[in-house]
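Open the model in your viewer and keep the selection tool handy. We will go from the ligand outward, one selection at a time.

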Amino acid sequence: MSNVERTLSIIKPDAVERNLTQEIQNIFSKNNLKIVESKKIHITKEEAAEFYKVHQSKQFYSDLCSYLSSGPIVVMILEGENSVALNRKIMGATDPKNAEDNTIRKLYGLSIDKNSVHGSDSIENAKTEINFFFKD
Ligand code: CDP
Ligand code: MG
């Protein structure tokens, strides 16, 4: 049975800055995640605060919003079978130290905050996050 979903992926400033965009996009393609939309943007701290508002009570929230708005990011819609869970698996654990071998965060992440990529964590959040960046 087909279970094609869409999810939101972000290549964060640390990875864009190190010219890892193409390498990371190749990993998605190799894993049958089709990049149906992609754009490079630079958001404000206010926009980052809106995007990450689920984390507003966390002590890392302000630093997180400063970081996501600190430089260009690449936002993408990925489409494929079980794309939400598959993308999370390919990304690896939040802290690169704990990420499995060959995951994006293990390969490229610098630290728990500069961990190279974002991925939606549920189908519901994927819809909200896609709408946030790709209103039509
Ligand atoms: O990105 P992911 O869904 O794996 O993790 P999260 O728990 O939803 O946290 C969102 C982001 O906040 C992470 O990707 C990190 O960039 C950052 N974070 C942090 O800076 N320090 C922490 N202790 C936890 C998360
Ligand atoms: Mg998350």
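The tour below starts at the ligand, then visits two pockets. Please keep in mind that this is a predicted model.

**Stop 1: ligand 1 and its shell**

Select ligand 1 and show the residues around it: K12, H55, F60, L64, R88, T94, R105, I112, D113 and N115. Try colouring this shell by class, and you will find three nonpolar, three polar and four charged residues.

**Stop 2: the polar contacts**

Now show H55 and R88 as sticks. In the side chain of H55, an N or O atom is 3.0 Å from an oxygen atom of ligand 1. For R88, again in the side chain, an N or O atom is 2.8 Å from an oxygen atom of ligand 1. Next, turn on the backbone of I112, where an N or O atom lies 3.5 Å from an oxygen atom of the ligand. How much of ligand 1 does the protein bury? Taken alone, ligand 1 exposes 500 Å², and 79% of that is buried by the protein.

**Stop 3: the largest pocket**

Hide the ligand for a moment and look at the space it takes, which is the largest pocket. This pocket holds about 740 Å³ of space. Its lining has 27 residues; select Y52, V54, H55, L64 and H118 to see those nearest the centre. Which elements give two or more residues to this lining? They are helix 3 (45–51), helix 4 (61–68), helix 5 (83–91), strand 4 (117–119) and helix 7 (123–133). Colour helix 7 next: four lining residues come from it, the largest share. By class, the lining of the largest pocket divides into 10 nonpolar, eight polar and nine charged residues.

Two residues are worth keeping on screen here. H55 and L64 belong to the shell around ligand 1, and both are also among the residues nearest the centre of the largest pocket.

**Stop 4: the second largest pocket**

For the last stop, select I27, N31, L86, K89, I90, E100, D101, N102 and T103, which line the second largest pocket. The volume here is about 170 Å³. Which element gives the largest share of this lining? Helix 5 does, with three residues. Colouring by class shows three nonpolar, three polar and three charged residues in the lining. Leave helix 5 highlighted as you zoom out, since you have met it before: helix 5 also gives two or more residues to the lining of the largest pocket.

Key
Residues are numbered from 1 along each chain as its sequence is written. Chains are lettered from A and ligands numbered from 1 in the order in which they are written. This is a predicted model: local features need pLDDT of at least 70, side-chain atom pairs count only at pLDDT 80 or more; totals for chains, interfaces and linings use all residues. Side-chain values use heavy atoms; hydrogens and water are left out. A residue is near a molecule or strand if one of its heavy atoms lies within 4 Å of it. A polar contact is a pair of N or O atoms within 3.5 Å; within protein, one must be able to donate a hydrogen and the other to accept it, and residues adjacent in sequence count only if both atoms are side-chain atoms. Accessible areas come from the Shrake-Rupley method with a 1.4 Å probe; for residues, only the protein chains shown count as cover. On a 1 Å grid over the protein atoms alone, a cavity is a set of points where a 1.4 Å probe fits but cannot get out, and a pocket is an open set with protein on both sides within 12 Å along at least five of seven lines; lining residues have an atom within 4 Å of a point. A molecule sits in a cavity or pocket if more than half of its atoms lie within 2 Å of its grid points. Ala, Val, Leu, Ile, Met, Phe, Trp, Tyr, Cys and Pro count as nonpolar, Asp, Glu, Lys and Arg as charged, and the others, Gly among them, as polar. Grid points are joined across faces, edges and corners, and a volume is the space filled by probe spheres set on the points.
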